[in-house]
Amino acid sequence: MSAKRRFLRRFLRSRVAVVALLVLLLGAAAAVFAPALAPVDPLAQDLGKVLRPPGGENLLGTDELGRDVLSRLLFGARVSLLAAVEGTAIALLLGVLPGLAAGYLGRRVDRIIMLFTDALMSYPAIILAIAIIGAIGPGLTNAMLAVGIITAPRVVRLVRGVVLGIREETYIEASRTIGTPTARIIVRHVLPNALAPVIVFGSIMAGQAMLIEAGLSFLGLGVQPPDASWGSMLGTAFRYVSRSPTLIVFPGLAIAVTVLAFNVLGDGLRDSLGRENRGER
């Protein structure tokens, strides 16, 4: 049985992970088809329907400007899911290569890279993100760049730890013995064997990136009006929680369910790709 089929069989055994994957696929589909699914224009204001409770023609109610909450929730899914993917992609792009270099080359290269990594990790993530956004300005792209920068050190440490074990394997030593260039060893042998934990970590990190984006948007540093993400909707709803308690429920629930799905999917991938399971048939 091929490795892919064994992985698929192990993954399908984890019903919770499969459900998490389906939840994420459903959320992605809702985001892609938001223009067709949204009852009305998410930016359309109706001051005669301000802060209406759920029910009637507005299934989830309206916000402080009379905009339909369901429509904004569907379009907000686009921003929030894109933010999770962007933040994770930037972190991986910034972190994988230094992690490979630190783990395989060691010595002075390792010390220099880990010095910068430890320095970045010594600051609270949200404070560092606010500082970066303060320097480059608010907005979704800048917020995700900040998320990528503050989470990249975790990728560096993960990849370094994995590579430290891989470089001692017999096939790596054999490649060095016959004179294979270092760059070729890293690309052909080290990187492919380090991908499994990176994929698992990327899934979990996507949920963390979404949480950080929600926090930044809650503070007004992420996506800017009139566009909405679930975090910015949560921030707006918080100001009107005494007048419309249900307004805070739906974006909060969307964030909680999606982040939980990312984490559960990561656990399922870890169990399916883990070294301890590779001998199963």
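At 38% relative accessibility, aspartate 118 counts as partly exposed, and the side chain of this residue meets that of arginine 157 in a salt bridge, with 2.7 Å from N to O. The model is a predicted one, and a search of the whole structure finds 10 salt bridges. The largest nonpolar core has 30 residues, while a nonpolar patch of about 540 Å² lies on the surface. The points below take up the salt bridges, the core, the surface patch and some features of the backbone.

**Salt bridges**

- The pair of arginine 157 and aspartate 118 links distant parts of the chain, with arginine 157 in helix H7 (residues 140-166) and aspartate 118 in helix H5, 39 residues apart.
- Arginine 157, like its partner, falls in the intermediate class of accessibility: its relative accessible area is 39%, so it is partly exposed, as aspartate 118 is at 38%.
- Glutamate 168 forms a salt bridge with arginine 167, and the closest N and O atoms of this pair are 3.3 Å apart.
- Glutamate 168 is partly exposed at 47% relative accessibility, and arginine 167 is also partly exposed, with a relative accessible area of 21%; the latter value is not under 20%, so arginine 167 does not count as buried.
- In helix H11 (residues 249-273), arginine 270 and aspartate 267 are three residues apart, which means that about one helical turn separates them, and they form a salt bridge whose closest N and O atoms are 3.6 Å apart.
- Both partners of that bridge are partly exposed, arginine 270 with a relative accessible area of 45% and aspartate 267 with one of 33%.
- Elsewhere, salt bridges join into a network that links Asp63, Glu64, Arg67 and Arg72; of these residues, Arg72 is also in contact with methionine 233.

**The nonpolar core**

- Within the largest nonpolar core, which has 30 residues, those with the most contacts inside it are Met210, Trp230, Met233, Phe262 and Leu265.
- Two or more residues of this core come from each of helix H2 (15-32), H4, H9, H10 and H11, and H11 gives the largest share, namely eight residues.
- Nonpolar side chains tend to be buried together in soluble globular proteins.
- Methionine 233, one of the residues with the most contacts inside the core, is in contact with Val69, Arg72, Leu73, Ala228 and Pro251 when its neighbours within four places in sequence are left aside.
- Threonine 258 lies in helix H11 and is buried, with a relative accessible area of 9%.
- If residues up to four places away in sequence are not counted, threonine 258 touches Leu24, Leu81, Met210 and Trp230, and among these Met210 and Trp230 belong to the residues with the most contacts inside the core.
- Threonine 258 and methionine 210 are 48 residues apart in sequence, while their C-alpha atoms are 8.7 Å apart in space.

**The nonpolar surface patch**

- The nonpolar patch of about 540 Å² on the surface is made by Ile126, Ile127, Ile130, Phe218, Leu219 and Phe238.
- Helix H6 (residues 125-136) gives the most to this patch, with three residues.
- Isoleucine 126, a member of the patch that is found in helix H6, is partly exposed, with a relative accessible area of 34%; this value is over the 30% that a patch residue needs, so isoleucine 126 meets that cut-off.

**Backbone features**

- Most residues other than glycine have a negative phi, and most peptide bonds are trans.
- Leucine 51 has a positive phi of about 55° although it is not a glycine; this residue is found in the loop between helix H3 (34-37) and helix H4 (69-105).
- The relative accessibility of leucine 51 is 12%, and it therefore counts as buried.
- Arginine 107, likewise not a glycine, has a positive phi of about 50°, and its place is in helix H5 (residues 107-121).
- Whereas leucine 51 is buried, arginine 107 counts as exposed at 74% relative accessibility.
- Proline 225 and proline 226 are joined by a cis peptide bond, with an omega of about 5°, and proline 226 lies in the loop between helix H9 (182-218) and helix H10 (230-239).

Definitions and conventions. Residues are numbered from 1 along each chain as its sequence is written. This is a predicted model: local features need pLDDT of at least 70, side-chain atom pairs count only at pLDDT 80 or more; totals for chains, interfaces and linings use all residues. Side-chain values use heavy atoms; hydrogens and water are left out. Helices (H or I, at least four residues) and strands (E, at least two) are DSSP runs, numbered from the N terminus. Buried means under 20% relative accessible area, exposed over 50%, partly exposed in between (1.4 Å probe, protein chains only). A salt bridge is a side-chain nitrogen of Lys or Arg within 4 Å of a carboxyl oxygen of Asp or Glu. Patches are made of residues with over 30% relative accessible area and no salt bridge: like charges are joined within 9 Å, nonpolar side chains (Val, Leu, Ile, Met, Phe, Trp, Tyr) within 5 Å. Accessible areas come from the Shrake-Rupley method with a 1.4 Å probe; for residues, only the protein chains shown count as cover. Contact means heavy atoms within 4.5 Å. A nonpolar core is a set of buried Ala, Val, Leu, Ile, Met, Phe, Trp, Tyr and Cys residues joined through side-chain atoms within 4.5 Å.
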